[in-house]
Amino acid sequence: MTRLTSESLVGINKELDEYNMELLRKTGCTLRGIASRAAGVAETEVRDASSSAPVAVIPITSGEGIIGHFSQAVQSIVSYIGFASFVTREHDVAGLAEGIREGAKIVFLADDNCFVAMNLSHRLVVDNAEATARGYVAALECLAGGLYSRDVLVIGAGQVGRSAVCTLKKLGAKVAVFDINQAKTEILLREYGVLKEENLAEALQRYAILLDASPAAEIIQAEHIKANTIIAACGIPLGLSTEAYSLVKDRLVHDPLQIGVATMLAMAVK
Ligand code: 2YJ
């Protein structure tokens, strides 16, 4: 995950209802529905857990430090899914101690390299990269009306892209991967038997179902968008040109944090 900026997070809490409606309109599923599907739990199970698992979000100052609005945005998403939640007043170790003292059963915390949710009762650690991959694959599945035997192009073979490949394979999709670093694609070819695409512009002419997990901007252009193109784009920044975006926006799922965090929570209650 690219380091988020406070500008991209500032309005999240106020816009969750609107975003939820947008997801429902595009995919037929709500944020909680997508997260539950991604985690492999019934939505009722997530709802039931919400009354017994208070959540603390702990601001972490290490490395590049606190990102303005980050903890508040995470907390607002957790709260939107239905869980009692709070941001600790203290940071770092003192924040963790405060969260536990105040009764948190699940904690969220992130530094520059790692973003996790931990269910303290279940001794379970959920990583944001895996949750984001699973969440976006679930969103893509809803957008596509199923992925079994469908051709899917994954762009980017970093942590999220690799995890998305694994999830897509489990769903029976025919997966192709492009990464600017071909050594990374080679590993996925050996591990999962994916198809290796070497020329992105050319590959984009052939695929209609895309999962963009790359941090590159402007890689998807208007000429790549077909009437049936659908895109789940977890990469930041969004990899579409302005024109490509306007052509596909009703068949595109993209956000800075919401699907990843909601899926972390659904995976953490399992
Ligand atoms: O607590 C804070 O405000 C900050 N320490 C949050 C840092 C958020 N971390 C990131 O944006 C990292 N790029 C996350 C990397 C996760 C890799 N899977």
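Start with the aromatic rings: this is a predicted model, and the count of aromatic pairs in it comes to two. Select Phe-70 and Phe-115. Their ring centres are 5.3 Å apart and the planes meet at 65°, so this pair is edge-to-face. Now colour by secondary structure. Phe-70 belongs to helix α5 (residues 70-81) while Phe-115 belongs to strand β4 (residues 115-119), so the contact ties together parts that are 45 residues apart in sequence. Buried or exposed, these two, Phe-70 and Phe-115? Both are buried. Add Phe-108 to the selection, and you have one aromatic cluster made of Phe-70, Phe-108 and Phe-115.

Stay with α5 and show its backbone. The helix has 12 residues, which at 1.5 Å a residue should span 16 Å; the end C-alpha atoms sit 17 Å apart, which agrees. Then switch on the side chains. The buried residues of α5 include Phe-70, Ala-73, Val-74, Ile-77 and Ile-81, and Ser-71 and Ser-76 are buried as well.

Next, look at what flanks this helix. After α5 comes Gly-82, with a positive phi near 120°. On the other side, select His-69, in the loop between β1 (55-58) and α5. His-69 is not a glycine, yet its phi is positive, about 75°. With a relative accessibility of 36%, His-69 counts as partly exposed.

Why stop at these angles? Most residues other than glycine have a negative phi, and most peptide bonds are trans.

There is another stop of this kind at Arg-123, where phi is near 50°, a positive value in a residue other than glycine. You'll find Arg-123 in the loop between β4 and β5 (124-127). Its relative accessibility is 77%, so Arg-123 counts as exposed.

For the peptide bonds, select Ile-236 and Pro-237. A cis peptide bond joins them, with omega at about 5°. Pro-237 sits in the loop between β10 (230-233) and α11 (242-248).

Now for the cysteines. How many disulfides does the count come to? Zero. Click on Cys-114 to check: it is in no disulfide, and the nearest cysteine sulfur, in Cys-234, is 17 Å away. Cys-114 is partly exposed, with a relative accessible area of 34%. Then try Cys-166. Its closest cysteine sulfur is also that of Cys-234, at 15 Å, which is too far for a bond.

Last stop: the largest pocket. Put a surface on the model and select Thr-2, Ala-213, Ser-214, Pro-215 and Gly-235, which are the lining residues nearest the pocket's centre. The whole lining comes to 29 residues, and the space inside is about 510 Å³.

Which helix gives the most to the lining of the largest pocket? Select α7 (128-144): this helix gives the most, with four residues. Add α8 (159-170) too, since α7 and α8 each supply at least two residues of the lining.

To finish, colour the lining by residue class. The largest pocket has 17 nonpolar residues in its lining, alongside nine polar and three charged ones.

Note on methods
Residues are numbered from 1 along each chain as its sequence is written. This is a predicted model: local features need pLDDT of at least 70, side-chain atom pairs count only at pLDDT 80 or more; totals for chains, interfaces and linings use all residues. Side-chain values use heavy atoms; hydrogens and water are left out. Rings of Phe, Tyr and Trp (its six-membered ring) pair if their centres lie within 6.5 Å; planes under 30 degrees apart count as stacked, over 60 as edge-to-face and the rest as tilted. Buried means under 20% relative accessible area, exposed over 50%, partly exposed in between (1.4 Å probe, protein chains only). On a 1 Å grid over the protein atoms alone, a cavity is a set of points where a 1.4 Å probe fits but cannot get out, and a pocket is an open set with protein on both sides within 12 Å along at least five of seven lines; lining residues have an atom within 4 Å of a point. Grid points are joined across faces, edges and corners, and a volume is the space filled by probe spheres set on the points. Ala, Val, Leu, Ile, Met, Phe, Trp, Tyr, Cys and Pro count as nonpolar, Asp, Glu, Lys and Arg as charged, and the others, Gly among them, as polar. A disulfide is a pair of cysteine sulfur atoms within 2.5 Å. The expected span of a helix is 1.5 Å times one less than its number of residues.
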